[in-house]
Amino acid sequence: MDHPTITAITNDALNLDALIAQVTLPSTGAAVVFSGIVRGVTAGGDAHETSYLEYEAYQPMAEKKLRQVAEEIRSRWPSVEGIAIVQRIGRLYPQTPTVLIVCTAAHRDTGVFEAARYGIDRLKEIVPVWKKEVSPNGEFWVEGDYIPRSGE
Amino acid sequence: MKVKILFFASLSDYTGMKNIEMEVPEGITVEKLKEILTEKFPRMATAQKSIMTAVNREYADGEQKIPMDAEIAFFPPVSGG
C-alpha cells in the first residue's frame, strides 16, 4: 500500500483527528504526534507574556522544503508509514496549535518517535517560515540560529 | 537582466517592501546583489551577517551567480514551528 505524505502551509485551524486518519493505514499500529502551541506565558530568565504570534511564510519555498523534510524522514526511517507535516500561519493566539507533525508506523519501537522529533527539528532549520512575537511591551521578529548550506 | 526580489520578516521591515523588480548586470553574484541592495536600503546593514538568500527557492551562498529571470529572496534565519 502507498505510504501517504501530507505537507501543507495553511491559514486554517489544524485538525488533528482528520490528519491522523489521513496517515493511518490498515497496517498502522502507532501514531506519534508533535504539536507546537503558542505559549502565552514564558517563565525563567526570559520571562515575558505573549499577546499573539504573527506567522509569515515564503509559501512556495516553504511547501518545497516541507516535502524535503518528509523525504528525509523516509530515507532515515523506512519503517515509517504515513507522514503529515502542517504549519499554520497568520495571527495565532496563546494556547493555539501552530504546527502538527504526525508519523505513523506498524509498531512504536520502529523509530517513529525519533522520526517525528526529526520532523519538527528539521522544519525549524530549513522551512522558510517566521514568527513575529507581539507582547504588551512591543513586538519583534523571532530569528532562528541555523544557517542552511547552499542547496540544503 | 531583470530579477524579482522578495523580502520576508525583518528584511521586509528593513527595506519597507515585500518585493521589487530590478535590472542587474548579467552574471551578478548573490553577494554583489546584497551590496547593491544594502546601498539602496541602508537598514539592511544591521542584519548583514544573518541574511539568508534563496535563488529560485533554494538556499544559495554569496558566490552563486544569479541566472536570468531569477526569483531571489532575502530573509533572516527561519523561526517556524
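Two residues are taken to be in contact if their C-beta atoms, placed from the backbone, lie within 7 Å. By this criterion, of the contacts in chain A between residues at least 6 apart in sequence, 74% join residues at least 24 apart. The model described here is predicted.

Chain A contains 3 helices and 10 strands. Read from the N terminus on, its elements follow the order β-α-β-β-β-β-α-β-β-β-α-β-β. The C-alpha trace of chain A spans about 50 × 35 × 30 Å along its principal axes. The radius of gyration of chain A is 16 Å, which agrees with the value near 15 Å that a compact globule of 152 residues would have. Of the 152 residues of chain A, 34% count as buried.

Within chain A, 4 strands form an open sheet in the order β1-β6-β8-β2, and their pairing is mixed. The edges are taken by β1 (5-10) and β2 (30-37) of chain A; each has a single partner strand, so one side of each is left without a neighbour in the sheet. On average, neighbouring strands of this sheet are turned by 5° against each other, direction ignored. Strand β6 of chain A, residues 83-88, is joined to β8(A) by 5 bridges, and the two strands run antiparallel. In this pairing, A:Val86 stands opposite A:Leu100 in β8(A). Two helices are placed against these strands. Helix α2(A) packs on the sheet and touches β1, β6 and β8 of chain A, its direction making about 150° with that of β1(A). Helix α3(A) lies across β2, β6 and β8 of chain A and runs at about 145° to β8(A).

In soluble globular proteins, nonpolar side chains tend to be buried together. The largest nonpolar core in the model has 59 residues, of which A:Ile85, A:Cys103 and B:Leu11 touch the most other members. When neighbours within four places in sequence are left aside, the contacts of A:Cys103 are A:Val32, A:Ile73, A:Val80, A:Ile83, A:Val112, A:Ala115, A:Ala116 and A:Gly119.

Between the two chains, 30 residues of chain A are in contact with 20 residues of chain B. On the side of chain A that touches chain B, two or more residues come from each of α2 (59-76), β8 (97-105), α3 (112-126), β9 (129-135) and β10 (138-142) of chain A. Among these elements, α3(A) gives the most, with 4 residues. By class, this side of chain A has 16 nonpolar, 6 polar and 8 charged residues. Both α2(A) and β8(A) thus appear in the contact with chain B as well as in the packing of helix on sheet.

In chain B, strand β3 (residues 52-55) is paired with two strands. With strand β5 (residues 71-75) of chain B, β3(B) shares 4 bridges in an antiparallel arrangement, and here B:Thr53 stands opposite B:Phe74. With strand β4 (residues 58-60) of chain B, β3(B) shares 3 bridges, also running antiparallel. In this second pairing the bridge partner of B:Val55 is B:Glu58. The hairpin of β3(B) and β4(B) has 2 residues between the strands, and B:Asn56 takes a positive phi near 50° there.

Note on methods
Residues numbered from 1 in each chain as written. Chains lettered and ligands numbered in written order. Predicted model: local features only at pLDDT ≥ 70, side-chain atom pairs only at ≥ 80, totals over all residues. Nonpolar A, V, L, I, M, F, W, Y, C, P; charged D, E, K, R; others polar. Rg over C-alpha atoms; globule rule 2.2 N^0.38 Å. Buried ≥ 20, exposed ≤ 12 C-beta atoms within 10 Å, placed from the backbone. Pairing = 2+ DSSP bridges. Axes fitted to C-alpha atoms, helices over the stretch in contact; angles between N-to-C directions. Core = buried A, V, L, I, M, F, W, Y, C linked by C-beta atoms within 7 Å.
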